[in-house]
Amino acid sequence: MTQTASDFLVHRLHEWGVRRIFGYPGDGINGVIGALDRARDRIAFVQARHEEMAAFMACAHAKFTGEVGVCLATSGPGAIHLLNGLYDAKMDHQPVVAIVGQQATIGLGADFQQEVDLVSLFKDVAGHYVHQASTPAQIRHLVDRAMRIARAERTVTCIIIPNDVQEMDAVEEPPRKHGASYTGVGYSEPQVIPTESDLRRAARVLNEGERVAMLVGAGALYAGEEVLEVAELLGAGIAKALLGKAVVPDDIPRVTGAIGLLGTRPSWDLMMECDTLLVVGSSFPYAEFLPRLGQARGVQIDIKARNLSLRYPMEVNLQGYARETLQLLIPLLKRKKDRAWQERIEGWTRDWWRVLEARAMNEAHPINPQRVFWELSPRLPDRAVLTCDSGSAANWYARDVKIRSGMMASLSGNLATMGPAVPYAIAAKFAHPDRPVIAMVGDGSMQMNGINGLITVEKYWREWRDPRLVFLVLYNRDLNQVTWEQRAFAGDPKFEGSQTLPEFPFARYAEMLGLEGMVMQRPDDVGPGWDRALAAERPVVIEAHTDPEVPPIPPHISFDQAKAYWRAFLKGDPARWDMLRHSVQEMADSYVR
Ligand SMILES: Cc1ncc(C[n+]2csc(CCOP(=O)(O)OP(=O)(O)O)c2C)c(N)n1
Ligand SMILES: [Mg+2]
């Protein structure tokens, strides 16, 4: 049988190592869908419920494997649906290739049904490489270039194929004539390291510092051991950006945990009191959480030059991979004899964990959300993969969940979109079917797309060797994170019309799908509930009835924010008495130390 251009596309993707494609069909992409059916023993097609979910899954596949994630959608509406997930990948620097269909070439330019100018549509999100095929001879170089550029530039690329081109005979080798290109398969990562003189300059700054703070992000994910070794030599504390949660475990006394609005008090103290800052693989955006200008000398390591000296002017900027660069730096560092700074950091951190425990155990109506996360930590199975959504869950995930070595964790860091936790968890299960996966999601995000993702879970979970997959839903009937932002930043009371969510029986819905549903209604349900969910024989949805009036207080509250908060209070926030009670209690807990 003659191969079509689509068969060749699929074959070429397979040669690049692609083994799974997340997508949704439509007549604009049927040629490729047919080819995927013919190649089903070589590449698996995962059917999402919505193209955005397919793009989130491709992004998560990249995050949890380091490979290129591939998603597929039809022309027009399908292509448009991909966008949010693709931006998530682009902004978190993940390699993702989007393959999208287009109307037949004969109709293009005729305002045909579902004809959208896809090159323009994807020009921003896939700006590094987006091209539309007009003849089968292009397929070879379109695939080779989209894959290589996505991987090398850690970004999103896009191939658009009109449906008539998809069905034409394959041209595996372009004709030998002027204008043709003959591309090849394969990419291997180079070793990128700074020059020796820059490494020496960096070591001098770090050796001269007396109070060194480290900030690590996603770029340091494969350099955990080196980060710890540097911190040990320098007596430094380690704060983590959200995407860097899994870089180092939280049970190490010098790890101060998350930084930023969702961060911890010891990370704040570390940054405010250091005299030297070493940033590794992070472009953490909130500069007000970094040292004040002039306070600290800085060294930064990043693979992308565009991230260097981005939020803080560094004395030494090192372009290179975190692991290799730190390995070269380590022999140049002198072990600090004076450990007073390290002891201060460890003291702050020890006190902070006590504050968090006290906050988690505060009474709330009916359940304090912090307690749900606090009680998860000691129960986390080895090698667990954690995903989290945007919402109040991200606060408790960042602060209360004690990650250990060997685990993975991610969320939408830079786009901070709602909706990724469920599709990320599904992609994690496909990539690592032997690992337990836990997704932490708000009820708003579940209503937005998560409940649809559960249908996908029901479709596929029997394929996964280890059935443990838990969706924790914070059922607070509120778009809580934003409700608090309205109070703290805008000084507005909660607007019930925009913030309150309709009821939805998440646990019963899970049961209806054939999954396990569980309701946590009282504080005493939390511990036993986790035990049961983590031992279940099928995926579990936990509907945790949590109190929306527990404030996700930033590690320091500025005077302006406090003023705005009390203005909301005085303007008659419908929940003001609960807010007052919890705030007083939380502040009291801060003085436990
Ligand atoms: C797609 C998208 N829409 C809106 C927002 C703004 N936003 C951020 S968090 C949030 C509330 C999330 O509510 P929910 O999922 O119920 O979590 P909660 O904060 O209540 O725990 C909203 C609306 C966003 N980040 N992404
Ligand atoms: Mg909510």
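Let me begin with a pair of residues that you can find on the screen: V280 stands opposite I301, which belongs to strand β11. Please keep in mind throughout that what we are looking at is a predicted model.

V280 and I301 take us to the pairing of two strands, since β10, made of residues 276–280, runs parallel to β11 and is joined to β11 by five bridges. Strand β11 also has a partner in β12, residues 316–319, and here too the pairing is parallel, this time over four bridges. If you would like a landmark for that second pairing, look for Q300, which stands opposite N317 in β12. How many of the six residues of β11 are buried? Five of them are, so that the strand, which spans residues 297–302, is mostly covered.

Let me now turn to another strand, β4, which covers residues 96–102 and has seven of its seven residues buried. In a regular strand the side chains alternate between the two faces of the sheet. With that in mind, we can go through β4 face by face: V96, A98, V100 and Q102 lie on one side, V97, I99 and G101 lie on the other, and all of these are buried. Strand β4 pairs in the parallel sense with β3, residues 69–73, over five bridges, and within that pairing A73 has V100 as its bridge partner.

Next come the ligands, and I will start with the magnesium ion, which is ligand 2. Which protein atoms act as its donors? They are OD of D443, OD1 of N476 and the O atom of D478, at 2.0 to 2.2 Å from the ion. Along the chain, these donors follow the spacing D-x32-N-x1-D. Because D443 sits in helix α16, residues 443–460, while D478 sits in the loop between β16 and α17, the pair ties together parts that are 35 residues apart in sequence. Are these two residues buried or exposed? D443 is buried, at a relative accessible area of 2%, and D478 is likewise counted as buried, at 3%.

D443 and D478 appear again around ligand 1, where they are among the closest of the 17 surrounding residues, together with S392, G444 and N480. Several backbone atoms take part here: a polar one of A416 is 3.0 Å from a nitrogen atom of ligand 1, a polar one of S445 is 2.9 Å from an oxygen atom of the ligand, and a backbone N or O atom of N480 lies 2.8 Å from an oxygen atom of the ligand. Taken on its own, ligand 1 has 580 Å² of accessible area, and the protein covers 78% of that. The elements that contribute two or more residues to the shell are α16 and α17.

Finally, I would like to point out some details of the backbone. Most residues other than glycine have a negative phi, and most peptide bonds are trans. Against that background, Q114 has a positive phi, near 60 degrees; it lies in the loop between β4 and α5 and is partly exposed, with a relative accessible area of 31%. R383 also has a positive phi, near 65 degrees, and it is found in the loop between α13 and β13, where it counts as partly exposed at 38% relative accessibility. As for the peptide bonds, the one joining H365 and P366 is cis, with omega at about -10 degrees, and P366 belongs to the loop between α12 and α13.

Key:
Residues are numbered from 1 along each chain as its sequence is written. Chains are lettered from A and ligands numbered from 1 in the order in which they are written. This is a predicted model: local features need pLDDT of at least 70, side-chain atom pairs count only at pLDDT 80 or more; totals for chains, interfaces and linings use all residues. Side-chain values use heavy atoms; hydrogens and water are left out. Buried means under 20% relative accessible area, exposed over 50%, partly exposed in between (1.4 Å probe, protein chains only). Two strands pair if DSSP finds at least two bridges between them. Donors are N, O and S atoms within 2.8 Å of the metal (3.2 Å for Na, K and Ca); water is not among the atoms, so sites may look incomplete. A residue is near a molecule or strand if one of its heavy atoms lies within 4 Å of it. A polar contact is a pair of N or O atoms within 3.5 Å; within protein, one must be able to donate a hydrogen and the other to accept it, and residues adjacent in sequence count only if both atoms are side-chain atoms. Accessible areas come from the Shrake-Rupley method with a 1.4 Å probe; for residues, only the protein chains shown count as cover.
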